[in-house]
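Here are a few notes to read with the structure open beside you. Take them one point at a time and find each residue as you go.

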Amino acid sequence: MSAATDEPTAPGRRPVLSSSGVSPGPLEAGSGAADAARPEDSGQDSAHDEEFSDETFDEDFDDGALGALGADGLRHTYNIYASNSNINTGSVRGGQSVDNGAGSAGAGGSGPRFVAHEGPVSATEILDAVTGFAEPEWFPAAMAELDGRVLFLSGEPGTGRRTAALNLLYRHTGRSMDLRAVDSDEDLAAWRPTDTDTRGYLVDGLFPARPLKPGTVGNLRRLLNDADARMVIVLPDDPVIVRSLTRDLHVTPVRCASPPPRAVFEARLKAEVPNRTERARLLANLEPGLLDELLAGRLVPAQVRELVDAVIGTADGGMTSGDIRDRLSYLAEEEIPDLLRSLRDDPDGLAFLLATCVFEGLDHRIVREQAERLVDLADGRLHSVLLENTGDRTGASGEARHPGTQGPDGSESPQRPLPNPRFVFRRSLEDLLHTVRAEYGSKEYHSTHGYTYVVEPVRFTRHRQGEAVLRHVWREYGRLSGLLTNWMGEVNGESDLTQPVGRVMGMAARWGGGRRALLHIRELAESDRATGRAVAAYALGMAAEDPVLASEVKYRLLQWSVQSSWQVRWTVAHACGTGFGAARPDQAMRLLRNVFRGQGSQQETAVGKVVRRALVNLFATGNQPTVFRQLTVWADKGGTGVARLSLEIYPHLLASGTWCQEQLLTDGEFAGPIVDLTRRLINDDELSDPTCQALLLWCRAAAWDNRQKTAVETLLTTLAQDMRHGVLRLFVMIDRDEDPGIAGQRIARQALNAWRKGSQPTPFPGHANRPTQPYGRTP
C-alpha cells in the first residue's frame, strides 16, 4: 500500500455551517446569518455576558435559515510569504496538490501537502496513490463489493484508507483519472452525481449529524448506476458506527488494514527505484540489521514511505546509514519525554526548543530572536523553580527584598529553591491522569451548529468516583462548598459546561439537606448572567429527582413563574425544557404559560426565546400529545401573545419529527388540527415561509419512505381543496423543486393545473379527502 497521506486536513479549513438542509425559517428578527457569524468563543464571557449571554443559549433553537454562511462580510488583506511554493491567486475549487520537498517548514516537517476534500481529485494525487501500492489481502473482496456501486471502507487513521479508496476507484473505473472528492459534511440524501465524465466519488467520512437512512443508500446506488460511477465512503474504525450501518442499512463495511510494513517498503522502493541493481546497492549500504529493526515495529504506510525516502536519500551521499534513525520522525516521539526532562531546569533551552519547532527552516537569527521573545513573554513560567530568601525579607527601609539581594552587611541572603506554580511544564497530562486514577476514554463525535468535532473524554477508572469525591468534600469541608459554588457558577456559556455543572449543583442540594438546600441554586436563578441561570435550571432538574426535594422544587418554580423578575422566569422556562419538564409535561406547560409575557422589552424577548426552545424540547422528548393539545388551546385565544407564540412554534414542530405524519396516517386525534393549523399558517403573511420550508423538508425526506410519502400526499390532497395564496405558493415551490424524487409533485401539478383552469382539483388516487375539524380555519 502506498503511504500517501491518510485523511490530511488542509490548514485553516473552516467548518461549513450548512449544506442542503432547509430550516423552518426565521421566527425572530436578527437571527440567521448574523447568528452564524457570531464568534464561537471570544474569550470575554464576563465582559460581554450581559449583551450576548442569552444568545449563547439559543444554539439549540435556531430561528434563522441554516443555509447562510457565517461570513463577517468584510474584505480581508493577507500578507503571504511562500518561499519555494506555488500560489493560486484566482478562484480555486478542489483538486489542489502541492508538495514542497525542499527542506523542512515549521511544525509540519516537510512542506505543505494538500489533497482535495471537495471537487476533482488531482492527477498528481491519484498517481501518487497508485504508484507503489501494496495490495492488501482484503483488496479483492472490496473490489467485488464495489460492484454494487457503493462501498463503505473503515479503518484506523494512518492505515492508508484514502490511498486504498483511490486505488479501488482507479481500478474499478478502468484506470480513470476522472475521480471526485465529496466532503464529509455533504448531505448524501440530497446528493447526486455532478459531472457526466466523473466515474468515481470518494467521500471522506460520514457527517454524524446526518445519519444515513436505508432509502438513501438505495438511492445512491440508483444514481450511480445511471451515471455508470462508483462511490467509496471512508469511515473511522468505530464499532458504534460499524454496528449502526450493519443494523440500520444492512451493509457490511470492509475493514482497511495495512499490509505488512515489509510489503509496503518493497513495493514503494520498487516504484521509486525501478532498477533492481540500484535497489540492491542502496540496501547493501545500510547498516546490517537496521532495516529489519526498523520494519519490525507496527509501522503505518506513511511511516514506511518516510523510511523509503530516507533510504533513497543515501544514494547521493547526503545521508549516511547512521543518519536514518535521527531523521525518522516516528522515532522522535519516543525521545520527546527525555528531551523535555533534560530541559526542565533550562528556560532558555525550553524557549529555543519551542521556537525551533515553530520556525524550523528559517534563519538562525530569527529563531533566536523568537526564543528570547518567548522567554520575556513567559514572565517566569518557563522557570521550574523560584528562589526564596530564608533570611530577613525586608531592607532597612522596610521594602520587600527579592531573591539574590544583599543584606545590610553586604552578604547575600541565604536562598532556597521553591517550585514555581506558574511553570508551564510542571506536570504532564499522563502524570496527572495517573495521579487521580483517570484515563482517556474512546473518541466521541459531537455536533453543534453546522459542524462536528471530536472529544477525547477523561474518565475515572472507577465507576462514579467523581460523585463520591464531591459528596465527601462537600459534606466534610464546609468552607470548600462556597469556593466550589463560586467556581462552578462562573463557567462560560457552553452547554457542554453548564449541564455537568448544573448536575453537580443539583446533587449538592441533596447532599446538604435542610431548609437551605436550594439556597445556592436560588442565587444562580436570579443571576444577570445567562450562564448562572442555565446552571440553576439544570440543577433544579437534578434536585427534583430526590423525592423529598421534588416538592420544594415544584413549589419554588410555581412561585418564580409568576414573579416580575425576568431572570427567575427565564430560569423556570429553561428548567421546563430539561429533564424536569420532560418528566412533568403538564406542569411544564402551565409554568411556560405563566412565565411568558409577550414580546415587549429586550428582557421579555429573551424569556420568550427560552420558552420557545423549551416547547420544542418537550415536543421532541415524547410529550407530543400534551404539547400539541395545549398549543391548540393557546392558539384559540385570538389576539393574545400566547396565541401568537403557539402559531410561531408550529413550523418547528412540523420539522422536528414524524409524529405529525403518524397522526395523518392513522387519522389520529390531532389529524384534523394538524391540517387546519397548516392551512392557517400557510396563509399567514409572516409564517407562510417557515411553514412551507418545513413541508418541503417533509417532501424531500419522504422520497424513499413509503409511509412518509403517504402522509405527505394525504396532507397535500387535503390542502388542495382550498387553493388560497399560501397553498398556491407551496404547490409552486414543490412543482419547481429540482429534486426529481420529491414526494407530492404530481399532486401539486394536478392542483395547479386545476387552479389555472378554474376547476375543482380531483382527489389524488388513493387519498380520499378527509374531513377536518373546524379549529383554526381562517375565514
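1. Start with T578, which is buried because its relative accessible area is 13%, under the 20% cut-off. Keep in mind that this is a predicted model. T578 sits in the loop between α23 (566-576) and α24 (579-583). Leaving aside residues up to four places away in sequence, T578 touches A537 and Y538.

2. Now jump to N167, in helix α5 (residues 161-172). With a relative accessible area of 2%, N167 is buried too. Which residues does N167 touch, not counting those up to four places away in sequence? They are A129, V130, F133 and F139.

3. Next, a look at backbone angles. Most residues other than glycine have a negative phi. D228 has a positive value, near 50°. You'll find D228 in the loop between α6 (214-226) and β5 (230-236), and at 39% relative accessibility D228 is partly exposed.

4. H250 is another residue other than glycine with a positive phi, this time near 60°. H250 belongs to the loop between α7 (239-249) and β6 (254-256). Is H250 buried or exposed? Its relative accessible area is 67%, so H250 counts as exposed.

5. On to the cysteines. C256 is buried, with a relative accessible area of 1%, and C576 is buried at 0%. A disulfide is a covalent bond between the sulfur atoms of two cysteines. How many disulfides does a search of the whole structure find? The count is 0.

6. Aromatic rings give you plenty to look at, with a count of 9 aromatic pairs. One of them is F628 with W659, a tilted pair at 5.6 Å centre to centre and 50° between the planes. This pair links distant parts of the chain, 31 residues apart: F628 is in helix α27 (residues 624-635) and W659 in helix α29 (residues 659-666). Both partners are buried, F628 at 2% relative accessible area and W659 at 15%.

7. Stay with W659, as it also pairs with F670, again tilted, at 5.4 Å centre to centre with 50° between the planes. F670 lies in the loop between α29 and α30 (671-682) while W659 is in helix α29, so this pair ties together parts 11 residues apart in sequence. F670 is buried, as is W659. Zoom out a little and you can trace a cluster in which ring pairs link F619, F628, Y650, W659 and F670.

8. Finally, a charge meeting a ring: the charged end of R533 sits over the ring of W570, 4.4 Å from the ring's centre.

Methods: Residues numbered from 1 in each chain as written. Predicted model: local features only at pLDDT ≥ 70, side-chain atom pairs only at ≥ 80, totals over all residues. Heavy atoms only, no water. Helix = DSSP H or I, 4+ residues; strand = E, 2+ residues; numbered from the N terminus. Buried < 20%, exposed > 50% of the residue type's maximum accessible area, 1.4 Å probe, protein only. Contact = heavy atoms within 4.5 Å. Disulfide = S-S within 2.5 Å. Phe/Tyr/Trp six-rings, centres within 6.5 Å; stacked < 30°, edge-to-face > 60°. Lys NZ or Arg CZ within 6 Å of the ring centre and 35° of its normal.
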